[in-house]
Amino acid sequence: MAITKKLRRYIPSDPEFQVEEFPFYWLARVQGIYTQKMETALKRIGTDIPTWRVLFILKTHGTSSISEISTHAIVKLSTMTRIVYRMKAEGLVDTGTNAEDGRVTVVTMTPAGHALVERIQDATGRLFARSFEGLSESQIAKLNATLQQLYENLAED
């Protein structure tokens, strides 16, 4: 795939490259500070980011396989399996066998998991509101579309 001369300056090997204009620089910075703030907020209520991710994937998608959760969270399957079984031991999720394919483990949220989701939403609500201050709905939609395009470009084989 050819890249235009105008876009070359966004490639680190280009002589005109400037890190402050590099989208991945800003993505990394946003991800880093987001992770720090989330860890702090979640630690206050005795939980962590992996737990938050699993619970919100289940809240959004309902009962899901460990593989599906792993895909949405962009976490290796073996790592996600350990996270899910830790959460099961904590009473936050339950696991079972898929009725159509006995090899697939499905995960559902328990009442304790639902209660923790409520606590997480209370603990992180201000952080998310502050994150989007000064942005319009159209700016957020455009940002999401741009990030989705970057994801799709990188996910291509």
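This section describes helix α4, the nonpolar core and a nonpolar surface patch in a predicted model.

The core is taken up before its parts. The largest nonpolar core has 25 residues. Within this core, Leu55 and Met80 have the most contacts. Six elements each supply at least two of its residues: α2, α3, α4, α5, β3 and α6 (111-131). Helix α3 provides the largest share, with seven residues.

Met80 was then examined in detail. Residues up to four places away in sequence were not counted. Beyond these, Met80 touches Val54, Ile66, Ile69, Ser70, Ala73 and Val75. Four of these names recur in the next helix described: Ile66, Ile69, Ser70 and Ala73 are the buried residues of α4.

Helix α4 spans residues 66-73. Its buried residues cover an arc of only 100° around the axis, so they lie on the same side of α4. Their packing partners are two helices and two strands: α3 (49-61) and α5 (77-89), together with β1 (64-65) and β3 (105-109). Of these partners, α3, α5 and β3 are also among the elements that each supply at least two residues of the largest nonpolar core. Helix α4 itself is another such contributor.

The end of α4 was considered next. Ile74 follows the helix. This residue is found in the loop between α4 and α5. Its phi is positive, about 55°, although Ile74 is not a glycine. The relative accessible area of Ile74 is 65%. Exposed means over 50%, so Ile74 is exposed. Ala73, by contrast, is one of the buried residues of α4.

Attention then turned to the surface. Phe24, Leu27, Leu143, Leu147 and Leu154 make a nonpolar surface patch of about 420 Å². Two helices, α2 (23-44) and α7 (137-155), each supply at least two residues of the patch. Helix α7 gives the most, with three residues. Helix α2 also supplies at least two residues of the largest nonpolar core, and thus appears in both the core and the patch.

Leu147 serves as an example from the patch. This leucine is placed in helix α7. Its relative accessibility is 31%. Buried means under 20% and exposed over 50%, with partly exposed in between. Leu147 therefore counts as partly exposed. Patch residues need over 30% relative accessible area, a cut-off that the 31% of Leu147 passes.

Methods. Residues numbered from 1 in each chain as written. Predicted model: local features only at pLDDT ≥ 70, side-chain atom pairs only at ≥ 80, totals over all residues. Heavy atoms only, no water. Buried < 20%, exposed > 50% of the residue type's maximum accessible area, 1.4 Å probe, protein only. Helix = DSSP H or I, 4+ residues; strand = E, 2+ residues; numbered from the N terminus. Arc of directions from axis to C-beta. Contact = heavy atoms within 4.5 Å. Patch = residues over 30% accessible without salt bridge, like charges linked within 9 Å, V, L, I, M, F, W, Y side chains within 5 Å. Areas by Shrake-Rupley, 256 points an atom, 1.4 Å probe, with all protein chains shown as cover. Salt bridge = Lys/Arg side-chain N within 4 Å of Asp/Glu carboxyl O. Core = buried A, V, L, I, M, F, W, Y, C linked by side-chain atoms within 4.5 Å.
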